[in-house]
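Thanks for coming, everyone. I will walk through one structure today, element by element. Please have the viewer open.

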Amino acid sequence: MLKRLSVLLIALALVAAACGDDDAETTVTTAADTTETTAAPDDDGDDGDVGQAEGGILAAVQARGVLKCGVSGSATAFSEQQPDGSVTGFDADYCRYIAAAVLGDSTAVEFTALTAAERFTAVQTGAVDVLIRNTTWTQSRDTDVGMDFAPTTYYDGQQVMAREGDGFTGASAITDLEGAVVCTNAGTTTEKNITEVTNQLGVDITLNTFEDYNQVMDQFIAGACDAVTTDGSGLVGRKATQQPEGENWVIFPPSPISKEPLGPVTGQNDSQWLDVVKWAVFSSILFDENGVTSANAAGRAGEEGEVGRLLGGEGQLQEAMGLSPDAWLNAVSQVGNYDEIFSRNLNPVGLTREGSFNASYLFGGLIYAPPAR
Ligand SMILES: N[C@@H](CCC(=O)N[C@@H](CS)C(=O)NCC(=O)O)C(=O)O
């Protein structure tokens, strides 16, 4: 049933600082803040659902036939632009998973490389439909900055990387950074955490921030930074790909200085679209829990119960959310379940699930999805 909703859009005021970061003083006024919404009663007599109106992002993606996905493009193993222009990685595969679910084609993705500082403005302006870019779920981003967060796909935490030759080890502490030049990228939780933690500990560092992480690493390799800091996964990826012969980079402290739950992001107040992105992630986790893989999904479609429902059989729920019954079948067949996506992209740089928060709850981790029924 079509919902009718007349929405008077008063200018969407995007007062984003030049770097578009998420500091409290950067006010991003969202449609919801400046909109007078008249929800006309629709045919079923309710008030109409804000966010499920005609013209939401789901309808736009279906009409366009392409998903616009914002990624980093230079985050090792998460989203890396290859010389031929293709984008590989864990985050890139989640873009493909959503495209396969919504459009039946995992290749129907237009990737946009975004710096950390650009990313939320890109969501607000509609330049991307979804942002999957090592993005930490925080209170201010979820509220003031105008974002909505899908479930966490990677539980991370911030650490520091420095040279063993400078006296650092994997057991080093933040206090060992006294007097160091520490570098990171702008518009991140990273710069705030390191500032807060060093202030709390009374450790004197010089923090230099750059627009993108390639610049940060160039400065580190050139010796202009004693240490770099970001999400642990990013440091592991950079060490695996950029550590020069004869040098040993060490990552510390053993216990990260912050929580960085990373996952897909949509613009706030489009709950139908958020549901699609959310359940795309959940379906990939449920397939992992149930041993449904890219190789066996088609053969398991006739099963009774949760697996059958997810794969489009009797009792399927995909149609009710605006997708085709075989949405998740297409996604898992073309891209794989959570474990396949994780292992394919992250194992090669040394990131593994076992014993980490990213293990399934069945093995003591935090990767858990609500039931599909
Ligand atoms: N998770 C943090 C940090 C995100 C971030 O920028 N991470 C770095 C390291 S993984 C990155 O994506 N670098 C790649 C780039 O700058 O393109 C946040 O959401 O603010």
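Which helices do the buried residues of H12 pack against? There are five names to look up: H3 (90-103), H9 (271-289), H10 (297-300), H11 (306-310) and H13 (338-346). Keep in mind that this is a predicted model.

Stay on H12 for a moment. The helix covers residues 327-335, and 8 of its 9 residues are buried, so H12 is largely enclosed by the rest of the structure. The buried ones are Ala327, Trp328, Leu329, Asn330, Ala331, Val332, Ser333 and Val335. Note that the list includes Asn330 and Ser333. Right after the helix comes Gly336, and its phi is positive, near 105 degrees.

Now zoom out. The protein has 13 helices and 17 strands. It has 373 residues, and 47% of them are buried. Take the contacts between residues at least 6 apart in sequence: 72% of those join residues at least 24 apart.

Next, the ligand. Which residues are closest to it? They are Ser72, Ala116, Thr188, Tyr213 and Gly234, out of 20 residues that surround the ligand. Four elements give two or more residues to that shell: strand S4 (74-75), helix H6, strand S14 (227-231) and strand S16 (260-262). By class, the shell splits into 4 nonpolar, 13 polar and 3 charged residues.

Why does the ligand lie between the two domains? Domain 1 is made of 57-154 + 262-363, and domain 2 is 158-258. Both give residues to the shell, so the ligand lies between them.

Let us move to the strands. Start with S12, residues 181-185, and S13, residues 206-210. These two pair in the parallel sense, over 5 bridges. Within that pairing, Thr184 stands opposite Thr209. How does the chain get from S12 to S13? The path goes through helix H6, residues 189-201, and this β-α-β crossover is right-handed. You have met H6 already: it is one of the elements that give two or more residues to the ligand shell.

Now S15, residues 249-252. Which side chains point which way? Trp249 and Ile251 point one way from the strand. Val250 and Phe252 point the other way. On both sides, these residues are buried. S15 runs antiparallel to S11, residues 158-163, and 4 bridges join the two. One pair to click on is Ala162 in S11 with its bridge partner Val250 in S15.

Go one residue past the end of S15 and check omega. Phe252 and Pro253 are joined by a cis peptide bond, with omega about -10 degrees. Pro253 sits in the loop between S15 and S16. If you set up a calculation, this is the bond to look at on screen.

Next, a small sheet. It is open, has 3 strands in the order S4-S5-S6, and its pairing is antiparallel. Which strands form the edges? S4 and S6 (87-88) do, since each pairs on one side only. S4 and S5, residues 79-81, are joined by 2 bridges. Ala75 has Ser79 in S5 as its bridge partner.

The loops of this sheet deserve a look. Ala77 is found in the loop between S4 and S5. Its phi is positive, near 75 degrees, and Ala77 is not a glycine. Is Ala77 buried or exposed? With 25 C-beta neighbours inside 10 Å, Ala77 counts as buried.

Gly85 is in the next loop, between S5 and S6. Gly85 has 7 other C-beta atoms within 10 Å, so this residue is exposed. Gly85 and Phe111 are 26 residues apart in sequence, yet 9.8 Å apart in space, C-alpha to C-alpha.

One last backbone angle. Asn269 also has a positive phi, about 75 degrees, although Asn269 is not a glycine. The residue lies in the loop between S17 (265-267) and H9. With 18 C-beta neighbours inside 10 Å, Asn269 counts as partly exposed. H9 takes us back to the start: this helix is among those that the buried residues of H12 pack against.

That is the tour. Over to you.

How values were computed
Residues are numbered from 1 along each chain as its sequence is written. This is a predicted model: local features need pLDDT of at least 70, side-chain atom pairs count only at pLDDT 80 or more; totals for chains, interfaces and linings use all residues. A residue is buried if 20 or more other C-beta atoms lie within 10 Å of its own, exposed if 12 or fewer, and partly exposed in between; C-beta atoms are placed from the backbone. Two strands pair if DSSP finds at least two bridges between them. A crossover is right-handed if, with the strands pointing away from the viewer, the path from the first strand over the helix to the second runs clockwise. A residue is near a molecule or strand if its C-beta atom, placed from the backbone, lies within 6 Å of it. Ala, Val, Leu, Ile, Met, Phe, Trp, Tyr, Cys and Pro count as nonpolar, Asp, Glu, Lys and Arg as charged, and the others, Gly among them, as polar. Domain bounds come from an automatic or database domain assignment. Two residues are in contact if their C-beta atoms, placed from the backbone, lie within 7 Å.
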